[in-house]
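Q: Could you take a close look at one part of this model for me, the protein surface next to one of the DNA strands, and then follow the charged side chains outward from there?

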2 protein chains.
Amino acid sequence: MPERTFSIGHVSSATGCKVETIRFYESIGLLPEPERTEGNQRRYLAKHIDRLRFILHARELGLAVEAIRQLIALGENPAASCEQADEIARQQLQLVRDKIARLTQLAEELERIVASCSGERIADCRVMEVLADHSHCDHGDRRGNVRSRA
Amino acid sequence: MPERTFSIGHVSSATGCKVETIRFYESIGLLPEPERTEGNQRRYLAKHIDRLRFILHARELGLAVEAIRQLIALGENPAASCEQADEIARQQLQLVRDKIARLTQLAEELERIVASCSGERIADCRVMEVLADHSHCDHGDRRGNVRSRA
DNA sequence: CTAATTCCTCTAGTAACTTCAGGTTCAAGA
DNA sequence: TCTTGAACCTGAAGTTACTAGAGGAATTAG
């Protein structure tokens, strides 16, 4: 008997992933191309839904698409070493920890800025003053670019 | 006597901001258009460098370009209320705190994943298993989209 | 059978830049 | 003064991970 199939809309509501995003994941090769109906509409199998859930969860954990791609490649090869998958997770963990450390510093600096507001007019406002001069900061690292985003 | 001027390269090395980024900030209206030489090259004044430093510092703090634009508009009007600038800083602080909270959860989950690795082959690897199934998580929130990025 | 819903492709837009191609100007040394 | 080579110019396209919209075709409920 033929396996049960699902429309893209069904997959969407089953996973909480938008229809457009499902098509997008297919377009960048994270999801395999499903069969189509005679009228050219996608019909998914249960395995596609599993794969999509994997992707969504990994994204939620902050893994980049590229990392997920590697993980999927590993998964396709059940005899592959587990170490590589573990390594990817470890790298992510490090990235997340770094972000937390950075954001914690930023929060502290913003707290100081907010606390220092006392003036009435902009001209007396410490917020503007502190923003205008990096040297007011504790951590005086003057890095090259500003890519230090959260 | 005419004020001292600086080439874009000079401004770049004085601030640590890439030349292209300086031009980009001008194109989106964060930096005013400087005078030009006869040969069409930009010549900046000290005030431009101050403005750029303000922008860079605010970006480092995680402020969106739009927020910086508002701050600059406030700054152009020295009689404006300080409260608005303070409010922008407060909003940023809240955003940063939210991000930290979210990332802390992610870090915990990744720690569990990494700690659970024991298999030798992918087929036995807990990393893949846990990634594949969201229900392994403590916080079982199954949100609609995956925009929960750092 | 028809109308409403869902689906299709393709293009463009988002943030905040970076990179590239192809050409021009400037400044310093010979 | 001339000549290089570094620095500069513009405009377009690339980056990440999607989202949104146009315009049209397929499916499905009644």
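A: By class, the surface near DNA strand C in this predicted model breaks down into 7 charged, 8 polar and 5 nonpolar residues. Of those 20 residues around the strand, the ones that come nearest are A:Gly9, A:Arg23, A:Arg42, B:Thr21 and B:Arg59, so both chains are on that list, taking "near" as a heavy atom within 4 Å. On the DNA side, sugar and phosphate make up 90% of the strand C atoms that come within 4 Å of the protein.

Now for some of the phosphate contacts. A:Arg36 uses its side chain, with an N or O atom 3.0 Å from a phosphate oxygen of DNA strand C. A:Arg42 uses its backbone instead: an N or O atom there sits 2.8 Å from a phosphate oxygen of the strand. From chain B, a polar side-chain atom of B:Tyr25 is 2.8 Å from a phosphate oxygen of DNA strand C. As for secondary structure, the elements giving two or more residues to this surface are α1 (8-15) of chain A and α2 (19-27) of chain B. Of these, α2(B) gives the most, with 4 residues.

A:Arg36 and A:Arg42 turn up again in the salt bridges, where they are linked with A:Glu26 in a network. Over all chains, the structure holds 14 salt bridges. One of them pairs the side chains of A:Arg51 and A:Glu76, at 3.0 Å from N to O. That one ties together distant parts of the chain, 25 residues apart: A:Arg51 is in helix α3 (residues 46-60) of chain A, and A:Glu76 is in the loop between α4 (65-75) and α5 (82-115). A:Glu76 has a relative accessible area of 56%, so it counts as exposed.

Other salt bridges run between the chains. B:Glu111 and A:Arg97 meet through their side chains at 2.8 Å, N to O, which takes you from helix α5 (residues 82-115) of chain B to helix α5 of chain A. Both ends are partly exposed, B:Glu111 with a relative accessible area of 33% and A:Arg97 with 38%. Swap the chain letters and you get another bridge: the side chains of A:Glu111 and B:Arg97 meet at 2.8 Å, N to O. Here A:Glu111 lies in helix α5 of chain A and B:Arg97 in helix α5 of chain B, so this pair joins two chains. A:Glu111 is partly exposed at 34% relative accessible area, and B:Arg97 is also partly exposed, at 38%.

Technical notes:
Residues numbered from 1 in each chain as written. Chains lettered and ligands numbered in written order. Predicted model: local features only at pLDDT ≥ 70, side-chain atom pairs only at ≥ 80, totals over all residues. Heavy atoms only, no water. Polar contact = N/O pair within 3.5 Å; in protein donor to acceptor, adjacent residues only side chain to side chain. Nonpolar A, V, L, I, M, F, W, Y, C, P; charged D, E, K, R; others polar. Salt bridge = Lys/Arg side-chain N within 4 Å of Asp/Glu carboxyl O. Buried < 20%, exposed > 50% of the residue type's maximum accessible area, 1.4 Å probe, protein only.
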